[in-house]
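Reader: I like to know how a structural label is earned before I use it. Could you walk me through the reasoning behind a few of them?

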Amino acid sequence: MSERGQQLDPAFVLHRRPYGETSLIVDLFTLHHGHFSAVARGAARPRSQWQAELQPFRPLRISWSGRQSLRTLRHAEATAPALALAGDRLYCGFYLNELLLRLLTEADPAPDLFSVYLDTLERLAAGSAALEPTLRRFEYRLAGELGYGISWDRAGDTGEPVQSDRVYAFHPAQGVLADAHGSVGGIRGEYLLALAADELDNQAVLKVAKRLMRSLVDHLLQGRPLHSRRLFVRQGRSE
């Protein structure tokens, strides 16, 4: 076992799938070592204690061995009950997990994002936070972690501050554009300034935020579909 594998690192299961007859491949997001996959040997056996432990949205501490793309899980213990997500909030949790799976670089530590993820799950589980603002804030923080931090209050092409009475455009790779030509156009400056102030309780601002973050997320995915979006569509909703 490697020195790194002997540590017990806070973690969440993002996804799991069968591996052979008795094992699982588990996609993990850890506090100190980022996202990676590991084989959980024997975890698919009916009497394995890992059957209950290795579930999404359950806070864990884990250890593993190996430094290759597929490691071996050595230990996993729950540190708290699984965060209770149901209905639309469960679909939101699946959406967060799939974004992390698709977009994070393997084994690239992202401790700040791990904290944001945990906080987002706790907000969803509490049931009091509005869903769309919660998702938009997570998408924004994830994009920043990936090097796509957006300054809503400054035009990326001119460097000038956004003016409330002007109309702007947005391009995922360039940010806010003063020339009003981009992937998303016709954005009122007052809404961009509200986004910069995190004022997502305004429905008009929230609608703009959804358009902008959808454009940015699609750009990051590079055309790859999200299975979790289909869950929202089936329910007559969108993420």
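Author: Gladly; what follows takes some labels one by one, and please keep in mind that this is a predicted model.

Reader: Thanks! Why are H3 and H4 called roughly antiparallel?

Author: The axes of H3 (residues 111-126) and H4 (residues 131-145) cross at roughly 170°. Angles over 145 degrees count as roughly antiparallel, so H3 is roughly antiparallel to H4. Their axes also come within 10 Å.

Reader: Which residues make that contact?

Author: H3 brings Leu-113, Val-116, Tyr-117, Thr-120 and Leu-124, while H4 brings Leu-131, Thr-134, Phe-138, Arg-141, Leu-142 and Glu-145. Sorted by class, the contact of H3 with H4 has seven nonpolar, two polar and two charged residues.

Reader: And what makes H5 and H6 roughly perpendicular?

Author: Here the axes cross at roughly 85° and come within 9 Å. The range for roughly perpendicular is 65 to 115 degrees, and therefore H5 and H6 get that label. On the H5 side, Tyr-191, Leu-192, Ala-194 and Leu-195 meet Ala-204, Val-205, Val-208, Ala-209 and Leu-212 of H6.

Reader: How do the residues of the contact of H5 with H6 divide by class?

Author: There are nine nonpolar residues, no polar and no charged ones. Tyr, Leu, Ala and Val count as nonpolar, so the listed residues fit that class.

Reader: Turning to the strands, how do you know that S1 and S2 pair?

Author: Two strands pair if there are at least two bridges between them. S1 (residues 9-19) and S2 (residues 23-30) have eight bridges, in the antiparallel sense, so the condition is met. Tyr-19, for instance, stands opposite Ser-23 in S2.

Reader: Where do S1 and S2 sit in the wider sheet?

Author: They belong to a closed barrel of five strands, in the order S1-S2-S3-S5-S4, with mixed pairing. Ignoring direction, neighbouring strands are turned by 45° against each other on average. Helix H2 (residues 88-103) lies across S1, S2 and S3, at about 85° to S1. H3 lies across S1 and S2, running at about 75° to S1.

Reader: One last topic: what lines the largest pocket?

Author: The lining has 21 residues, with Pro-133, Arg-136, Arg-137, Asp-198 and Leu-200 nearest the centre, and the pocket's volume is about 380 Å³. H3, H4, H5 (189-196) and H6 (203-221) each give two or more residues; the largest share, seven residues, comes from H4. By class, the lining has 13 nonpolar, two polar and six charged residues.

Definitions and conventions: Residues numbered from 1 in each chain as written. Predicted model: local features only at pLDDT ≥ 70, side-chain atom pairs only at ≥ 80, totals over all residues. Heavy atoms only, no water. Axes fitted to C-alpha atoms, helices over the stretch in contact; angles between N-to-C directions. Helix = DSSP H or I, 4+ residues; strand = E, 2+ residues; numbered from the N terminus. Parallel < 35°, antiparallel > 145°, perpendicular 65-115°, else oblique. Contact = heavy atoms within 4.5 Å. 1 Å grid on protein atoms, 1.4 Å probe; cavity = no way out; pocket = protein on both sides within 12 Å on 5 of 7 lines; lining within 4 Å. Points joined across faces, edges and corners; volume = space filled by probe spheres on them.
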